Amino acid sequence: FGFFPAAALLPGGTVLVVSRGRPELFDPVGEKWSPAGLMTAVTVLPTATLMGTGKVLVVGRGPRLDGRSETMAAEIYDPASNEWSRSPIGVVRGDKL
């Protein structure tokens, strides 16, 4: 993993770990790692928050759209389907926050 990973404990006991847009699941009982789908945007310095739905909201710095201004990207991980989707807030330019 890269620097500053984010992690969230999922209801089934596995842990979602995200770093530099590379999500993985860790099973602490079997001590095994597995891929956690493909994120729609690479995030740097992410946070991971388990929501009441059992899905995980991941927010972090996203790609530079114009080569200068940073963006914030937010995605939602669904452990039931092992898929990612953009959150309703999508991507916001850093200078517009």
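**Figure 1. Contacts between distant parts of the protein chain in the predicted model.** Among contacts that join residues at least 6 apart in sequence, 28% link residues at least 24 apart. The structure is a predicted model, and its protein chain has 97 residues, of which 34% count as buried. The chain holds 8 strands and 0 helices. Read from the N terminus, its elements follow the order β-β-β-β-β-β-β-β.

**Figure 2. An open sheet of 4 strands with antiparallel pairing.** The strands of this sheet are arranged in the order 1-2-3-4. Strand 1 (6–9) and strand 4 (32–35) stand at the edges, and each has a single partner strand, so one side of each lacks a neighbour in the sheet. From one strand to the next, the twist averages 25°. Strand 1 and strand 2 (residues 15–19) run antiparallel and are joined by 4 bridges. One bridge can be followed residue by residue: Leu9 has Val15 in strand 2 as its partner.

**Figure 3. Glu24 and its polar contact with Arg22.** Glu24 lies in strand 3 (residues 22–27). Is Glu24 buried or exposed? Its relative accessibility is 16%, and residues under 20% are classed as buried, so Glu24 counts as buried. The side chain of Glu24 is joined to that of Arg22 by a polar contact of 2.9 Å.

**Figure 4. Glu31 in the loop between strand 3 and strand 4.** With a relative accessibility of 62%, Glu31 counts as exposed. The backbone of this residue deserves attention. Most residues other than glycine have a negative phi. Glu31, although not a glycine, has a positive phi of about 50°. How far apart in space are Glu31 and Thr14, C-alpha to C-alpha? The distance is 10.0 Å, while the two residues are 17 residues apart in sequence.

**Figure 5. The hairpin formed by strand 5 and strand 6.** Strand 5 (residues 44–50) pairs with strand 6 (residues 56–62) in the antiparallel sense, over 5 bridges. Within this pairing, Leu57 of strand 6 stands opposite Thr49. Between the two strands lie 5 residues, and in the turn Gly54 has a positive phi of about 90°.

**Figure 6. Strand 6 beside strand 7.** Strand 6 also pairs with strand 7 (residues 71–78), in the antiparallel sense and over 7 bridges. Which residue of strand 7 is the bridge partner of Val56? The partner is Tyr77, a residue that is buried.

**Figure 7. The largest nonpolar core and the surroundings of Tyr77.** This core has 13 residues. Which of them touch the most other members? They are Leu16, Val56, Val58, Tyr77 and Trp84. At least two residues of the core come from each of strand 1, strand 2 and strand 6. When neighbours within four places in sequence are left aside, the contacts of Tyr77 include Leu10, Leu16, Leu25 and Ala36. Also among the residues in contact with Tyr77 are Lys55, Val56, Asn82, Glu83 and Trp84.

**Figure 8. The aromatic pairs.** A search of the whole structure finds 2 such pairs. In the pair of Phe26 and Trp33, the ring centres are 4.8 Å apart and the planes meet at 45°; the pair is therefore tilted, as this angle is neither under 30 degrees, which would be stacked, nor over 60, which would be edge-to-face. Phe26 is partly exposed, with a relative accessible area of 21%. Trp33 is likewise partly exposed, with a value of 45%. Tyr77 and Trp84 form a tilted pair, with 5.0 Å from centre to centre and 45° between the planes. Both Tyr77 and Trp84 are buried.

**Figure 9. Asn82 in the loop between strand 7 and strand 8 (83–93).** Asn82 counts as partly exposed, at 30% relative accessibility. What is the sign of phi at Asn82? The angle is positive, about 60°, although Asn82 is not a glycine. Asn82 is also one of the residues in contact with Tyr77.

How values were computed
Residues numbered from 1 in each chain as written. Predicted model: local features only at pLDDT ≥ 70, side-chain atom pairs only at ≥ 80, totals over all residues. Heavy atoms only, no water. Phe/Tyr/Trp six-rings, centres within 6.5 Å; stacked < 30°, edge-to-face > 60°. Buried < 20%, exposed > 50% of the residue type's maximum accessible area, 1.4 Å probe, protein only. Pairing = 2+ DSSP bridges. Polar contact = N/O pair within 3.5 Å; in protein donor to acceptor, adjacent residues only side chain to side chain. Axes fitted to C-alpha atoms, helices over the stretch in contact; angles between N-to-C directions. Core = buried A, V, L, I, M, F, W, Y, C linked by side-chain atoms within 4.5 Å. Contact = heavy atoms within 4.5 Å.
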